[in-house]
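Let's take a walk through this fold together, starting with the sheet and ending among the aromatic rings. Have the model open and follow along.

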Amino acid sequence: MPEPKEGASQSQLLLVVDSTLRLPGLGTLLRAPRYAAALRRFPLHSSLEVELRLPAGPLTVPATVEELQRPADAPGTAATADYVLLLDADSVGELPAGTEVWLPAVWAEIYGF
């Protein structure tokens, strides 16, 4: 097996699913607050393909990076914005918590990671 070239991009763990929300006609929204910094590396609405690591095997699906506004947890504080991943595959449905989402090497290279 050939060695990766120095400086060549490799697949990267993008996030581990905390929760999902199916949005009929739009896809499935993935939340993973611990991994928000990883998503903030992308401009909002960035289009990419991600690999879902499922028990039945990996599945590659299109996705976009989005911002989800939600009310503040305490009165008198500003609303917060979370970066989330929207899977553009309505057929994926809800994913179990703990599902790994990987950024394939080709997409890491496109975005310079």
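In what order do the strands of the open sheet run? Keep in mind that you are looking at a predicted model. The sheet is built from 7 strands, arranged S1-S7-S4-S5-S6-S3-S2, and the pairing is antiparallel. Go to the edges and you will find S1 and strand S2 (19-23); each has a single partner strand, so one side of each is left without a neighbour in the sheet. From one strand to the next, the twist averages 40°.

Now look at S4 and S5, an antiparallel pair joined by 8 bridges. Here you can spot Glu51 standing opposite Thr60 in S5.

Next, the nonpolar interior. The largest nonpolar core holds 23 residues, and those touching the most other members are Val50, Leu52, Leu85, Leu87 and Val101. At least two core residues come from each of these elements: strand S1 (12-16), helix H1 (36-40), strand S4 (47-54), strand S5 (57-70), strand S6 (80-87) and strand S7 (100-103). Leu52 is a good place to pause. Setting aside neighbours within four places in sequence, Leu52 is in contact with a list of residues that includes Pro58, Leu59, Val61, Leu87, Val92, Leu95 and Val101.

From there, turn to the aromatic rings, where the structure holds 3 aromatic pairs. One of them joins Phe42 and Tyr111 edge-to-face, at 5.1 Å centre to centre and with 80° between the planes. This pair links distant parts of the chain, as Phe42 sits in the loop between H1 and S4 while Tyr111 belongs to the segment after helix H2 (105-110), 69 residues apart. Phe42 also pairs edge-to-face with Phe113, at 5.0 Å centre to centre and again with 80° between the planes. Because Phe42 lies in the loop between H1 and S4 and Phe113 in the segment after H2, this pair ties together parts that are 71 residues apart in sequence.

Together, Phe42, Tyr111 and Phe113 make up one aromatic cluster. How buried or exposed are its members? Phe42 has a relative accessible area of 2%, so it counts as buried. Tyr111, at 25%, is partly exposed, and Phe113 is partly exposed too, with 26% relative accessibility.

Two arginines round off the tour. Arg41 lies over the face of Phe113, 4.1 Å from the ring centre. Arg53 lies over the face of Trp102, at 4.2 Å from the ring centre.

Conventions: Residues are numbered from 1 along each chain as its sequence is written. This is a predicted model: local features need pLDDT of at least 70, side-chain atom pairs count only at pLDDT 80 or more; totals for chains, interfaces and linings use all residues. Side-chain values use heavy atoms; hydrogens and water are left out. A nonpolar core is a set of buried Ala, Val, Leu, Ile, Met, Phe, Trp, Tyr and Cys residues joined through side-chain atoms within 4.5 Å. Buried means under 20% relative accessible area, exposed over 50%, partly exposed in between (1.4 Å probe, protein chains only). Helices (H or I, at least four residues) and strands (E, at least two) are DSSP runs, numbered from the N terminus. Contact means heavy atoms within 4.5 Å. Rings of Phe, Tyr and Trp (its six-membered ring) pair if their centres lie within 6.5 Å; planes under 30 degrees apart count as stacked, over 60 as edge-to-face and the rest as tilted. A charge sits over a ring if NZ of Lys or CZ of Arg is within 6 Å of the ring centre and within 35 degrees of the ring normal. Two strands pair if DSSP finds at least two bridges between them. Axes are lines fitted to C-alpha atoms, for helices over the stretch in contact, and angles run from 0 to 180 degrees between N-to-C directions.
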